[in-house]
Amino acid sequence: MHVKIHPTQENDCASCGVREQSLFANLNSDDFRLIQQPIHDLTLAAGSTVFAERARGDHVFTVRKGLVKLVRYQVDGAQRIVRLIGPGDIAGLETTAGSAYDSTAVAITEVQACRIPVSVIQRLESESPRLHQQLLRKWHEALKSADDFIADLASGNARQRLARLLLRLAGADTQATVLLPSREDVGAVLGITTETASRTVAAFRREGLLTDVDRQGRFFRLDATALAAVANGD
């Protein structure tokens, strides 16, 4: 795993682009003085394992840039991606209430993240009402995201599932260029085979729902209106 680590200071948090979405959104200088252990800025190469399922959970990770998949491995070795984590999301939040990670987190793209010791979260939660409120909010967001992920991406046919995934990846900015994970990852997200994922992506490209931006077939522009119709079964 290729990882670059730098210490993070209060000023870095104050100027962070995802500060308003992070656990530390509402912390003030007095709160930061309670932090006795270092918070590190990590850069991880695509394919790096951020943490492994059932490993001792000593840190949570706030993603600032890039895309992370949360993976559960089945008894036959097949993977099922249970969630995708993007900028402003937190990976490993479950460790604040337990001792181990619930899934394996792997960087799909190069990822920049803040690595925060769980002990820091636990101390701040007990001494700062601002962190306690934000932690509850993040738990609610994570639960809703997991529920929405299952509801949107585990029902309907392959075309509907792929259309919903693409719209989720685009978020509010449907004009933005979207990175589509590998076809294997798409299959693992949607609960379909890699071959079905490949065929469905190819069909979307032929129909103009996806327009290639690069030669590798990973970055696309979307026809959001048409994809929304497919997602709704129209």
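1. Let me start with a cross-strand pair: arginine 72 has arginine 80 of β6 as its bridge partner. The pair belongs to a longer ladder, since strand β5 (residues 68–73) and β6 are joined in the antiparallel sense by 6 bridges. Please keep in mind while browsing that this is a predicted model.

2. Helix α6 (residues 183–190) is worth a look from here. This helix packs on the sheet and touches both β5 and β6. The direction of α6 makes about 90° with that of β6.

3. Now for the sheet around that arginine pair. It is an open sheet of 4 strands, in the order β3-β8-β5-β6, and its pairing is antiparallel. Which strands stand at the edges? They are β3 (49–51) and β6 (79–85). Each of these has a single partner strand, so one side of each is left without a neighbour in the sheet. On average, and with direction ignored, neighbouring strands here are turned by 35° against each other.

4. A second open sheet has 3 strands in the order β10-β12-β11, again with antiparallel pairing. Its edge strands, β10 (178–179) and β11 (210–212), each pair on one side only. Between β10 and strand β12 (residues 219–222) there are 2 bridges, and the two strands run antiparallel. If you would like a residue to click on, leucine 179 has phenylalanine 219 in β12 as its bridge partner.

5. Strand β2 (residues 39–44) deserves its own point. Is this strand largely enclosed or left open? It is largely enclosed by the rest of the structure, because 6 of its 6 residues are buried. Ile39, Asp41 and Thr43 point one way from β2, while His40, Leu42 and Leu44 point the other way, and all are buried. For a computational chemist, Asp41 and His40 may be handy places to pause, as both are on that buried list.

6. What does β2 pair with? Its partner is strand β9 (residues 111–117), joined to β2 by 5 bridges and running antiparallel to it. Within this pairing, aspartate 41 stands opposite cysteine 114 in β9.

7. Finally, some totals for the whole protein. It contains 8 helices and 12 strands. Of its 234 residues, 47% count as buried. The accessible surface comes to about 11800 Å², and carbon and sulfur atoms account for 48% of it. Among contacts between residues at least 6 apart in sequence, 72% join residues at least 24 apart.

Conventions
Residues are numbered from 1 along each chain as its sequence is written. This is a predicted model: local features need pLDDT of at least 70, side-chain atom pairs count only at pLDDT 80 or more; totals for chains, interfaces and linings use all residues. Side-chain values use heavy atoms; hydrogens and water are left out. Two strands pair if DSSP finds at least two bridges between them. Buried means under 20% relative accessible area, exposed over 50%, partly exposed in between (1.4 Å probe, protein chains only). Axes are lines fitted to C-alpha atoms, for helices over the stretch in contact, and angles run from 0 to 180 degrees between N-to-C directions. Contact means heavy atoms within 4.5 Å. Accessible areas come from the Shrake-Rupley method with a 1.4 Å probe; for residues, only the protein chains shown count as cover.
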